[in-house]
Every structure is written in structure tokens, then in C-alpha cells.
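Welcome to a short tour of one protein chain. Have the model open beside you as we walk through a few of its local features.

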Amino acid sequence: MENILDHDTVTLNEASDTLRIIDQTKLPNITEFLELSDLKDIWEAIYMLRVRGAPAIGVAAAIGLYVHAVRIEADTLKAFIDKLSQAAVYLNSSRPTAVNLSWALKRMENKALDFLKENKDSKDDEASLIKKLLKILHDEALLIMKEDTDVCRRIGEFGLTLIKKGDGILTHCNAGQLATSKYGTATAPMYLGHEKGYDLRIYCDETRPLLQGARLTSFELSQAGLDVTLLCDNMVSAIMKTGKINAVFVGCDRVAANGDVANKIGTSVVALSAKHYNVPFYVAAPTSTIDLDTLSGDDIVIEERKDSEVTELWYKERMAPENIKVFNPAFDVTDHSMITAIVTEKGIVYPPFSDNLQKIMK
Ligand code: MRU
């Protein structure tokens, strides 16, 4: 049987200089790939969650900016970089909460600006300078993708030290391979534990309204052969009360300097339950998701999405009265006081987060 994990979530098709993604809105029933080069289509793919999950959004934006750059027409290096910067601003507007988006775009833009500075007195003609810069942008985009795989593997190794054989682990949304280049963040300890015969029991919240837990996490983990049980979001307290959950592992879209964490809507409810039942609550976070410029969760912009995701999507017919008011934030903030530890690729960060996040980011 075809395994979704055999495919890259997001990659560069070198032959056509296009961004290649799995269209995640079609999973788990249809595996369809999209080849994108038009900037508007790349923006739409991120906005519509065809590619989603903080690290994968960052990788898609970097590769997306490169494939756009290949198609920029400009007479001078300076004009080329101006157009590149405009495209970066546009892509950055697709989703506001995941910091990896702006982080990856800034990395790409900085490469271009550094190149401009280094070559201000160059005798090379403008076309060959642009060609050289394109190669730099190509390599940077692929480096961001490769680093993501290494980072997730290391998060998995640190995360596994927090898990015992036979543990029951609950996760929310999809912080899996489908949200990254490989392994996922919250799922990386699960994949590594599975390789080592840990016999883990994984519990996935379905994650209303876009069902990332049901459609993506339960799909990818079960395809990898893990023992997975799917829950509706409102069953979290009930399962914790049974004592079957030994730890919660979730991903995140932005970690503020004080350790507050923005992640998929519903995460803070899981954290409250975990606190009540004394279950450790771990957040898996690449350091690219840690944003020390954002002081606390109050400063994180929370994306709000269309009413129809709540009232209509996935149903055969509308399941709410016409014109009912809807509140549909895509993320919530879990207060740092409810987080046991934040697992990064550089190590496990324990409270006090204000001090220890600064140390790990040095
Ligand atoms: O709206 P989504 O599907 O992009 O939200 C994804 C999440 O909330 C993930 O938990 C987070 O991005 C971490 S992915 C490793």
C-alpha cells in the first residue's frame, strides 16, 4: 500500500523550478500533488492550508520565494531584489500566527540584501549578478528544508527521554511529518520510540474545525504502524480521567519570550485538563518557532478564519442556522504556567521560561 510518509510534504521540483506540495486539504482520501510557481497560487496554498504546520509553511515560503525569483524580470540587481522583497511581504500576509513564515522569508531576503552589499562595486554585468543570486536563493531554500529534517530528528531524540515504554501519549492537531519536512515535531519522539519498540499508545484529538488530527495525524501515524486512537476534542478530559494518558506532546506556531505558546485552537483546553490530572504537558518547538521579540501570548496575532469552516465544511448540509454568529480563531495561547517543558533541537527547556529560553537562543 502507498504510504503518505514516502512523499515529501513540500519540496522543490528542480526540473521545472516549481514548488511541489501534497495538497493536504484532500487527505486522507486523495493523495494529490500540486506544482506551483505563480505567487498568487503559492499564497493561496498557504492560506487554504494545502500546505500547513509552522515548519512546513516556512519551507514552502522559502521555496515559493525562490521559484518566484526565477521568474522575476528585472534589468538590475537592485530592481530584482526590490521585486523579491515585495513578493516576500505578500507571502508573509498569507497566515499571521506561525512565526516560521516570516522567519524563513527574512532568511531568504537577508541573503539577497547581503549579496547586494557585497557586490556594490562589482564589475560583473547585472544579468550575471542576478544569476549568481538565484543560485544563493536556491541553496538557502534547500538548506531551510534540510535543516528542518535535522531539527525534527533532534527534537525526537530529546523528546524520547521524556517517554517510557508502553506510555499513552495524547496529541492535538498535526505536528507530524505532514507539518514539517520529516518526522514532525510533536510526533518525532513517537516515530523514534516506535523504531525502538516502545509500544506507545497514541491518542489524537480530531481537532475541529479543520480536522488536522483526524485527517492527518491519525492517518500518518497509523500508516507508520503506530497504535493510534482517535478522539473528539471534547473527550480529552474523559480519557485523562481513565489514567491512560502519561504525557501530552503538541507542536506550536509561536513561543513568546515568557514561554506562552500559540498552537492550534483547543490546545489550551488540553493543557488545562493535563494540569488537573497531573499529566506532563510538553511542547515540541524548533528554535525557529521561538520569538523572543514577542514578550507574551497577549502580543501574538491570532488568525481568525471563515464562519463556513464551522457551519458547513465536512457536513453534507449546513449544520447551523443561517446567519448564526460564529467565533473561529485558528489558534489559542497556552499560558506558560501550564507547560511542563519545551522540547527544542538544542535541548529541553524547563521553567522559568523567561530565563531559560533566552539561554537556549544564545
Ligand atoms: O492551522 P495549521 O494546521 O497550520 O496549524 C498547525 C498547528 O497548530 C501545529 O501544531 C503547529 O503548526 C506545529 S507543526 C509542527
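## A threonine ahead of the first strand

Threonine 9 sits in the segment before β1 (10-13). Please keep in mind that this is a predicted model. Is threonine 9 buried or exposed? With a relative accessibility of 1%, threonine 9 counts as buried, because the cut-off for that class is under 20%.

The side chain of threonine 9 has two polar contacts with backbone oxygens to look at, set out here.

| Partner of the threonine 9 side chain | Distance |
|---|---|
| Backbone oxygen of glutamine 177 | 2.8 Å |
| Backbone oxygen of threonine 180 | 3.2 Å |

Beyond its neighbours within four places in sequence, threonine 9 is in contact with Arg20, Ile21, Ile22, Gln24, Ala56, Gln177, Leu178 and Thr180.

## Two helices, each with a buried face

Let us turn to helix α1, which spans residues 39-47 and has Leu39, Ile42, Ala45 and Ile46 buried. Viewed down the axis of α1, these buried residues fall within an arc of 120°, so they line one face of the helix. Their packing partners are β2 (18-22), β3 (33-36), α2 (54-70), α3 (77-92) and α4 (99-118).

The two ends of α1 are worth a look as well. At the N-terminal end, aspartate 38 acts as a cap, with a side-chain oxygen 3.1 Å from the backbone nitrogen of lysine 40. Just after α1, leucine 49 adopts a positive phi of about 65°.

Helix α11 (residues 353-361) has Phe353, Leu357 and Ile360 buried. These three cover an arc of only 65° around the axis, which puts them on the same side of α11. The elements covering the buried residues of α11 include β8 (254-256), β11 (290-291), β13 (341-344) and β14 (347-349).

## A cysteine in a loop

Cysteine 232 lies in the loop between β6 (227-231) and α8 (236-241). Its relative accessible area is 27%, so cysteine 232 is partly exposed: the value falls between the limits of 20% and 50%. From cysteine 232 to leucine 84 there are 148 residues in sequence and 43 Å in space, C-alpha to C-alpha.

## The largest pocket

Finally, which residues lie nearest the centre of the largest pocket? They are Thr25, Met48, Leu210, Glu309 and Leu313, out of 13 lining residues. The volume of the largest pocket is about 250 Å³. Its lining comprises five nonpolar, two polar and six charged residues.

Conventions. Residues are numbered from 1 along each chain as its sequence is written. This is a predicted model: local features need pLDDT of at least 70, side-chain atom pairs count only at pLDDT 80 or more; totals for chains, interfaces and linings use all residues. Side-chain values use heavy atoms; hydrogens and water are left out. Buried means under 20% relative accessible area, exposed over 50%, partly exposed in between (1.4 Å probe, protein chains only). Helices (H or I, at least four residues) and strands (E, at least two) are DSSP runs, numbered from the N terminus. The arc is that of the directions from the helix axis to the C-beta atoms. Contact means heavy atoms within 4.5 Å. A polar contact is a pair of N or O atoms within 3.5 Å; within protein, one must be able to donate a hydrogen and the other to accept it, and residues adjacent in sequence count only if both atoms are side-chain atoms. On a 1 Å grid over the protein atoms alone, a cavity is a set of points where a 1.4 Å probe fits but cannot get out, and a pocket is an open set with protein on both sides within 12 Å along at least five of seven lines; lining residues have an atom within 4 Å of a point. Grid points are joined across faces, edges and corners, and a volume is the space filled by probe spheres set on the points. Ala, Val, Leu, Ile, Met, Phe, Trp, Tyr, Cys and Pro count as nonpolar, Asp, Glu, Lys and Arg as charged, and the others, Gly among them, as polar.
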